[in-house]
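Colleague: Could you take a close look at the ligand site for me? I'd like to hear how the contacts fit together.

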Amino acid sequence: MKIFVINGPNLNMLGMREPDIYGTQNYESLCRMITDYCGEKGVEVDLFQSNHEGVIVDKIQSALFEDVDGIVINPAAYTHTSVAILDALKCVKIPTVEVHISDINRREEFRKKSFITPICKKTICGKGLIGYIEAIEFLIEKIK
Ligand code: DQA
C-alpha cells in the first residue's frame, strides 16, 4: 500500500507559526511521526509540502502514475479557495482524507468553507498532528 501525505502553504513553518493554534512541534517532527507510523504498518509513504497551488496540483496528478492507494491532504489556506485542488482530486479518484490541525469550524467564518470536503472520504480537524495518523489509519482500514 502506498500513500501520499500532502501539506499546503505555511505548514513547513509548524512550530514557529501561531503555536497556540498549531502547536509547538515542527514540520520535521510531523514527518518523523508519520514515517515511523507508516514503517510500523508496512505502508509506503511519500511526504510532500508546497507553498504553491499549482505544484500541489502537479503532485496530486502524479499519484495516478505512481500506483498511489490513498491520499492524506491538508491543503491549509487553499482549503478555502482552491477549485484547482478540488478538480485534481476529482480527476485522480483516489480515496482521500482531509486533515486540519486546528478546528476550522470554530475559527473565522471564512475557514468554515472547504472546497474539498465533498469529495473526501473523511475530514479530520481539530485533533492536532495526531489527526494525520488517524487519517492514515482510516485509509489502511478502507483499502485493505
Ligand atoms: C489549517 C487550517 C487553515 O484554515 C489554515 O489556513 C492552515 C492550516 C489547519 O491545519 O488547521 O494553514 O489547514
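Which residue has a backbone N or O atom that lies 3.2 Å from an oxygen atom of the ligand?

Modeller: Happy to! A word on the basis: this is a predicted model, where local features need pLDDT of at least 70, side-chain atom pairs count only at pLDDT 80 or more, and totals for chains, interfaces and linings use all residues. Residues are numbered from 1 along each chain as its sequence is written, and side-chain values use heavy atoms, with hydrogens and water left out.

The residue you ask about is alanine 77, whose backbone N or O atom lies 3.2 Å from a ligand oxygen. That is a polar contact (N or O atoms within 3.5 Å). Two side chains make polar contacts as well: an N or O atom in the side chain of histidine 80 is 2.6 Å from a ligand oxygen, and a polar side-chain atom of arginine 17 lies 2.8 Å from an oxygen of the ligand. Taken alone, the ligand exposes 320 Å² (Shrake-Rupley, 1.4 Å probe), and the protein buries 99% of that area.

Around the ligand, with a heavy atom within 4 Å, stand Arg17, Tyr22, Asn74, Ala76, Ala77, His80, His100, Ile101, Ser102, Ile104 and Arg111. Arginine 17, alanine 77 and histidine 80 thus come up again, as members of this shell. By class, the shell residues divide into five nonpolar, four polar and two charged; here Ala, Ile and Tyr count as nonpolar, and Arg as charged.

As for the site itself, the ligand sits in the largest pocket, with "sits" requiring more than half of its atoms within 2 Å of the grid points. A pocket is an open set of points on a 1 Å grid, with protein on both sides within 12 Å along at least five of seven lines.

Note on methods. Polar contact = N/O pair within 3.5 Å; in protein donor to acceptor, adjacent residues only side chain to side chain. 1 Å grid on protein atoms, 1.4 Å probe; cavity = no way out; pocket = protein on both sides within 12 Å on 5 of 7 lines; lining within 4 Å.
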